[in-house]
Amino acid sequence: MLIAQLTDTHIKPDGRPAYGRVDTLSCLKASINHINTLQPAPDVVLVSGDLVDLGTAEEYTLIRSLLDELQMPWMAVPGNHDNREEMQSSFGDCDWMPESAPFIQYAIDDYPLRLIGLDSLKPNSGGGQICSERCDWLDQTLAQQPDKDTLLFIHHPPFNTGIRHMDQIGLEGSDHLAEVVQRHPQVKMLLCGHVHRSVQTIWKGIHVVIAQSPAHAVTLDISADAESSFVMEPPAVQLIRYENNELVTHLSFVGEFSGPWPFCHPDGSLIN
Ligand SMILES: [Fe+2]
Ligand SMILES: [Fe+2]
């Protein structure tokens, strides 16, 4: 099974640039084309929050029209730039969207790997939250299928990255989340977004991976007085391969690059 993770697409109304500078619409179109032409093709695409920038219906209509061009199923959870009610309304006909639920959380049992999306949105806050109600739902949902390997995805990472201004808008309730996940060893990995760059750790015994954004990246500045800023690093989507009960992630950069070039001559000897 192959999964593509797309995160932090930050689509603006009318496709306006984000922060006056980032053509997020073109970034999303390029990443969708990239995913659609991958070989082998991913089975499913997970969109891990900050789909749009302002949370308006107009933005969701625009991103929906693009996500529907994906040639495989896709599903999404909200980030801090999203609006839960607008998302529920714009994606209400998607089979993954819970009906009349307070949060956009769901489990997908259609694949060899179980997929569980978590809602970390805390209204009017850059930071996220996983409250007792959401943790209890996760605990009960995981208890339903204790023997099936499971992948969680959520917008806000539960650990500190060292990028100070992002850590200040981290995930409230992460200790409770850890307690729940630790009770269910079938959870193989937790995928996140929010930081717009590739970061990995083992957090309280849980493998957590943040994906690069296909748009702007948060500047890698781990000094104590780091200011909030972004850089236009190479755009990427994350691929997650599940085989023989093991999960492996790869960054797949979006763009035109020289190659592939052979390492060896036709006779098998190394080119040097
Ligand atoms: Fe973001
Ligand atoms: Fe975010």
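# A tour from the iron site outward

Select the iron ion (ligand 2) and its donor residues, which are spaced D-x29-N-x74-H-x38-H in sequence. This is a predicted model. The donors are D50 through OD, N80 through OD1, H155 through NE2 and H194 through ND1, at 2.1 to 2.3 Å. The angles among these four donor atoms run from 89 to 163 degrees, and the site is irregular. D50 and H194 link distant parts of the chain, being 144 residues apart: D50 sits in the loop between strand 2 (44-48) and helix 2 (57-67), H194 in the loop between strand 9 and strand 10. Both D50 and H194 are buried.

**The second ion**

Keep D50 selected and add the iron ion (ligand 1). D50 coordinates both ions, which are 3.5 Å apart. Which residues supply the protein donors of the iron ion (ligand 1)? They are D8 (OD), H10 (NE2), D50 (OD) and H196 (NE2), lying 2.1 to 2.3 Å from the ion. Along the chain these donors follow the spacing D-x1-H-x39-D-x145-H. Why is the arrangement around the iron ion (ligand 1) irregular? The four donor atoms subtend angles of 87 to 174 degrees, and four donors count as tetrahedral only if all angles lie between 85 and 135 degrees, or as square planar if opposite donors are over 155 degrees apart and all others between 65 and 115.

**The loop between strand 1 and helix 1**

Now centre on D8, found in the loop between strand 1 and helix 1. Its phi is near 55 degrees, a positive value in a residue other than glycine. Most residues other than glycine have a negative phi. D14 lies in the loop between strand 1 and helix 1 as well, and its phi, near 60 degrees, is also positive in a residue other than glycine. Are D8 and D14 buried or exposed? D8 counts as buried because its relative accessibility is 0%, whereas D14, at 66%, counts as exposed. H10, a donor of the iron ion (ligand 1), is buried, as is D8.

**Helix 1 and its sheet**

Follow the chain into helix 1, residues 24-36. The helix has 13 residues and reaches 18 Å from its first C-alpha to its last, close to the 18 Å expected at 1.5 Å a residue. Colour its buried residues: T24, L25, C27, L28, S31, I32, H34, I35 and N36. Their cover includes strand 1 (2-6), strand 2, helix 2, strand 14 (236-243) and strand 15 (246-253).

Next, show the sheet that contains several of these strands. Five strands form this open sheet in the order 3-2-1-14-15, with mixed pairing. Strand 3 (74-77) and strand 15 are the edge strands, each pairing on one side only. On average, neighbouring strands of the sheet are turned by 25 degrees against each other, direction ignored. Helix 1 packs on the sheet and touches strand 1, strand 2, strand 14 and strand 15; its direction makes about 175 degrees with that of strand 1. At one end of the strand order, strand 14 and strand 15 pair in the antiparallel sense over eight bridges. To check the register there, select L239, which stands opposite H250 in strand 15.

**The other sheet**

Move to the sheet of six strands, which is open and has the order 4-5-7-9-11-10 with mixed pairing. Its edge strands are strand 4 (106-108) and strand 10 (199-203), each of which pairs on one side only. Here neighbouring strands are turned by 20 degrees against each other on average, direction ignored. Select strand 7 (residues 150-153) with strand 9 (residues 187-192): the two pair in the parallel sense over four bridges. L151 stands opposite M189 in strand 9. Helix 4 (residues 132-144) lies across strand 4, strand 5 (114-117), strand 7 and strand 9, and runs at about 170 degrees to strand 5.

**Two cis peptide bonds**

Finish with two prolines. Most peptide bonds are trans. The bond from Q39 to P40 is cis, with omega near -5 degrees; P40 is in the loop between helix 1 and strand 2. The bond from G259 to P260 is also cis, with omega near 5 degrees, and P260 is in the segment after strand 15.

How values were computed: Residues are numbered from 1 along each chain as its sequence is written. Chains are lettered from A and ligands numbered from 1 in the order in which they are written. This is a predicted model: local features need pLDDT of at least 70, side-chain atom pairs count only at pLDDT 80 or more; totals for chains, interfaces and linings use all residues. Side-chain values use heavy atoms; hydrogens and water are left out. Donors are N, O and S atoms within 2.8 Å of the metal (3.2 Å for Na, K and Ca); water is not among the atoms, so sites may look incomplete. Four donors count as tetrahedral if all angles lie between 85 and 135 degrees; four count as square planar and six as octahedral if opposite donors are over 155 degrees apart and all others between 65 and 115; anything else is irregular. Buried means under 20% relative accessible area, exposed over 50%, partly exposed in between (1.4 Å probe, protein chains only). Two strands pair if DSSP finds at least two bridges between them. Axes are lines fitted to C-alpha atoms, for helices over the stretch in contact, and angles run from 0 to 180 degrees between N-to-C directions. Contact means heavy atoms within 4.5 Å. The expected span of a helix is 1.5 Å times one less than its number of residues.
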